[in-house]
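Please open the model in your viewer and keep the sequence panel beside it, since each stop below begins with a selection.

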Amino acid sequence: GAVRIFLNGILQFDDARLQITLGFEILGALDVFLLNALQAVMETEQDIMHYYLDAVKSIKNSSARELIEVLAEEEKIHRNNIVIIHKSLRDNEPWPDMSGKPVSKRKFKDLLNTTCRAIGIDGASNAIPAHVLETAIQKEEKSYSLYNEKARCSNSESEKSFYTALALEEREHFLTLVDFKQYIDNPEGWF
């Protein structure tokens, strides 16, 4: 936890005396490490979210666009939960219980099936730019690996379970995008 230090001092100005009490807080090395790690995680989520929001502009197909918008919303939820944890730790409070908070309510398999059926076989080739899909897959895979590593190195059970839940959600996003790419590459075979 943080160490609080108070210094008392007396300053002498000619015939007047001024007593000063200074107080400040020094965060422990572990707290600083956790805050920096959470800041990096927030930036990762924000980067992916902004990528999706920018990518939506280049997607003409409304069903494909909706899938990417849902992923952007998921990343926003993740980021907001990380902000809650960061604030708690910054305020010298314990890691908050986030059980269930990052868990997606979405059924990505159902969403993907609906998306692919709406696009159909003939619309697959121009549903989403290939580079958009490939970059999204890479970003989800990277975040999955990051959160797995964070879970592995966690110091508390709350921290570990939070990062594990995030990793599982990012893995689901990754698999959804890989499956979507397989559909785009071979729609006849996918159905």
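**Helix H4**

Begin by selecting residues 130-152, helix H4, in this predicted model. At 1.5 Å a residue its 23 residues should span 33 Å, and because the end C-alpha atoms are 33 Å apart, the expected and modelled spans agree. Within H4, now pick out the buried residues, which are Val132, Leu133, Ala136, Ile137, Lys139, Glu140, Ser143, Tyr147 and Ala151.

Towards the end of this helix, select Arg152 and Glu149, which form a salt bridge with their closest N and O atoms 2.6 Å apart. The two residues are 3 residues apart in helix H4, so about one helical turn separates them. Arg152 is exposed, with a relative accessible area of 60%, whereas Glu149 is partly exposed at 37%.

**Helix H3**

Move next to H3, residues 108-119, whose 12 residues should span 16 Å at 1.5 Å a residue, in agreement with the 16 Å between its end C-alpha atoms. Colour Phe108, Leu111, Leu112, Thr115, Cys116 and Ile119, which are the buried residues of H3. They cover an arc of only 125 degrees around the axis, and therefore lie on the same side of H3. On the other side of the helix, Lys109, Thr114, Arg117 and Ala118 are exposed. If you display the surrounding elements, you will find that the buried residues of H3 pack against H2, H5 and helix H6 (187-190). Just after H3, stop at Gly120, which takes a positive phi of about 80 degrees.

**The nonpolar cores**

Which residues have the most contacts inside the largest nonpolar core? Select Tyr52, Ile68, Ile128, Leu177, Phe180, Tyr183 and Ile184, which hold that place in a core of 30 residues. At least two residues of this core come from each of helix H1 (29-56), helix H2 (62-90), helix H3 (108-119), H4 and helix H5 (157-185). H2 gives the most, with 6 residues.

Centre the view on Phe180 and, leaving aside its neighbours within four places in sequence, show its contacts: Ala64, Leu67, Leu112, Thr115, Cys116, Ile119, Ile128 and Leu133. Then turn to a second, separate core of 16 residues, which includes Leu34, Trp95, Ala151 and Tyr163.

**Charged pairs and a loop residue**

The structure holds 6 salt bridges, and the one between Arg152 and Glu149 has already been visited. For another, select Lys57 and Asp54, whose side chains meet at 3.5 Å, N to O. Lys57 counts as exposed at 67% relative accessibility, while Asp54, at 48%, counts as partly exposed.

Continue to Arg90 and Asp91, where the side chains meet in a salt bridge of 3.7 Å, N to O. Both partners are partly exposed, Arg90 with a relative accessible area of 43% and Asp91 with 34%. Add Lys87 to the selection, since Lys87, Arg90 and Asp91 are linked in a network of salt bridges.

Finish at Asn92, found in the loop between H2 and H3. Asn92 has a positive phi of about 65 degrees although it is not a glycine, and with a relative accessible area of 27% this residue is partly exposed.

Note on methods
Residues are numbered from 1 along each chain as its sequence is written. This is a predicted model: local features need pLDDT of at least 70, side-chain atom pairs count only at pLDDT 80 or more; totals for chains, interfaces and linings use all residues. Side-chain values use heavy atoms; hydrogens and water are left out. Helices (H or I, at least four residues) and strands (E, at least two) are DSSP runs, numbered from the N terminus. The expected span of a helix is 1.5 Å times one less than its number of residues. Buried means under 20% relative accessible area, exposed over 50%, partly exposed in between (1.4 Å probe, protein chains only). A nonpolar core is a set of buried Ala, Val, Leu, Ile, Met, Phe, Trp, Tyr and Cys residues joined through side-chain atoms within 4.5 Å. Contact means heavy atoms within 4.5 Å. A salt bridge is a side-chain nitrogen of Lys or Arg within 4 Å of a carboxyl oxygen of Asp or Glu. The arc is that of the directions from the helix axis to the C-beta atoms.
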